[in-house]
Amino acid sequence: MARIVMKFGGTSVGNTDRIKNVARRVKAEVDAGNEVAVVVSAMSGTTNQLVAWTNEIARLHDAREYDVVVASGEQVTVGLLALALQDLGVNARSWLGWQIPFRTDGIHGKARIGEIDTTVMRERFAQGQVAVVAGFQGIGPDNRITTLGRGGSDTSAVALAAALDADRCDIYTDVDGVYTTDPRITAKARKIDRITYEEMLELASQGAKVLQTRSVAMAMQHGVRVQVLSSFEDKPGTMVVDEGEIVEQQVVTGIAYSPDEAKVTLVGVPDRPGVAGAIFGSLADSAVNVDMIVQNVSQDGKSTDLTFTVGSTDLDRAHQVLDGLKGELGYSEIVSDAGVCKISVVGVGMRSQPGVAKTMFQTLAAKGINIQVISTSEIKVSVLIASDYTELAVRALHTAYGLDADGDG
């Protein structure tokens, strides 16, 4: 007997027929003698609609009420899946985030899980019951509903797997694994059989949509074995594992892109100690995540330009925060550009192989693509380019690093 957490995304539960298909998959695990908890997202398109309605009512809305609205999609899905399982003769019960509970902090819209009480769920396992759990949801210190951010059901599933000491966490989605890049951009993308936590974390944080960044970080922290599988095809998936389980490392494992970026430049920022801390501290306090940062060299010793990137959905809030700092800091103006895309090459083999960045820069230059900002880490090189060149850049880099399915890599 194994204890398994199965997670199904929005496309996997996109209509009642797909929910019935999920129920059959869950029943197969139950029939094999396994203890099963199922974590589900809202039906595909539901959360987008709920977010759109919220923005129509109030562009800069109360985050607590935002969570009340957008968390409602998962409630529908858990109820329907529990009914579908019961119809197949499976003992099943639905659970909302507050009923378990998933205890989180009070950062609405981007809450972080503190603890999960699995006492009752373990008792129900002993009775042969399947737990159908609403992903994405939690409950804050003030007993208000919280949500974990887009893709948060992945984090719910991994966190639950860790809390339950599960043997593995299976993430079912509309693709059959993790690919070297987005197959919609290049047909030469290859499925990866095994990928390290670190590589998956970088790919997810740089735009790969297969797994949410925080879910991968949590899996790495708690040693949760994660498997990415297709909901619609019975094929082997991709295992996300510790680096020690992979014998031979590619120099570059994958190419990620993030189109949901915006570039912000503060012109004429006073060049004195504490200014950067005031800017980025204020943005952090408002839950605006900053990624790439470049500061120009001060020519006169008095002022400089500071450029950084934020998620495009955070751009309005970033402007609001920065406008409030203008009197205190005395910068000249804010210039923003939402027409940018971040492209990243990722691989643990980069630690021991020089020339990865050189190949990236030369490949983009050969295609006439200008690099606006550069950021690096031990296993990643990222650049910011105009969004019009996204597909061209991804295809060119995929070929340059030997990742094409018909290549040597």
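T46 is partly exposed in this predicted model, with a relative accessible area of 27%. The residue has its place in helix α2, which covers residues 46-57. Q99 is 53 residues away from T46 along the chain, and the C-alpha atoms of the two are separated by 22 Å.

A little beyond Q99 comes a stretch of backbone that deserves a look. The peptide bond from I100 to P101 is cis, and its omega is near -5°. P101 itself belongs to the loop between β3 (92-95) and β4. As a reminder for the reader, most peptide bonds are trans, and most residues other than glycine have a negative phi.

Strand β4 spans residues 102-104 and includes T104. With a relative accessible area of 8%, T104 falls under the 20% cut-off and therefore counts as buried. The side chain of T104 has a polar partner, since a polar contact of 2.9 Å links it to the side chain of T146. Once neighbours within four places in sequence are set aside, the residues in contact with T104 include A111, R112, I113 and G114. Also in contact with T104 are G138, I139, G140 and P141, together with T146 and L148.

A second buried residue with a polar partner is D170, in strand β9. Its relative accessibility is 1%, so D170 counts as buried. The side chains of D170 and Q227 are joined by a polar contact of 3.1 Å. Beyond four places in sequence, D170 is in contact with I4, V5, M6 and K7, as well as with Q227 and L229.

V5 also appears in the largest nonpolar core, which has 42 residues. V5, M121, V133, L160, M200 and L211 are the members that touch the most others in this core. For M200, the contacts outside four places in sequence are with V178, I195, L211, V216 and V240. There is also a second, separate core of 25 residues, with A84, L85, L96 and V130 among its members.

The next topic is empty space. Rolling a probe the size of a water molecule over the atoms shows where such space is left. The structure holds 1 cavity of 30 Å³ or more, and the space in the largest cavity is about 50 Å³. M200 and L211 take part in the lining of this cavity, along with V158, I171, S215, V216, A219, V226 and V240. By class, the lining has 8 nonpolar residues, 1 polar residue and no charged ones. Helix α8 gives the most to the lining, with 3 residues.

Helix α8 also contributes to the second largest pocket, where it supplies the largest share of the lining, 5 residues. About 300 Å³ of space lies in this pocket. I113, A159, M218, Q221 and H222 are the closest to the pocket centre among the 14 lining residues. Two or more lining residues come from each of β5 (113-116), α6 (152-163) and α8 (213-222). The lining of the second largest pocket comprises 7 nonpolar, 4 polar and 3 charged residues. I113, one of the residues closest to the pocket centre, is also in contact with T104.

Two loop residues have an unusual backbone sign. In N143, a residue other than glycine, phi is positive, near 65°. N143 sits in the loop between β7 (137-139) and β8 (145-147), and with a relative accessible area of 54% it is exposed. D165 likewise has a positive phi, near 55°. The loop that holds D165 lies between α6 and β9 (168-173). D165 is exposed too, with a relative accessible area of 56%.

Helix α12 (residues 390-400) is considered last. Its buried residues are T390, A393, V394, A396, L397 and H398. An α-helix has 3.6 residues a turn, so residues three or four places apart point the same way. The elements that cover the buried residues of α12 include β15 (254-270), β18 (333-346), α11 (356-366) and β20 (380-386). After α12 comes G402, with a positive phi near 70°.

How values were computed
Residues numbered from 1 in each chain as written. Predicted model: local features only at pLDDT ≥ 70, side-chain atom pairs only at ≥ 80, totals over all residues. Heavy atoms only, no water. Core = buried A, V, L, I, M, F, W, Y, C linked by side-chain atoms within 4.5 Å. Buried < 20%, exposed > 50% of the residue type's maximum accessible area, 1.4 Å probe, protein only. Contact = heavy atoms within 4.5 Å. Helix = DSSP H or I, 4+ residues; strand = E, 2+ residues; numbered from the N terminus. Polar contact = N/O pair within 3.5 Å; in protein donor to acceptor, adjacent residues only side chain to side chain. 1 Å grid on protein atoms, 1.4 Å probe; cavity = no way out; pocket = protein on both sides within 12 Å on 5 of 7 lines; lining within 4 Å. Points joined across faces, edges and corners; volume = space filled by probe spheres on them. Nonpolar A, V, L, I, M, F, W, Y, C, P; charged D, E, K, R; others polar.
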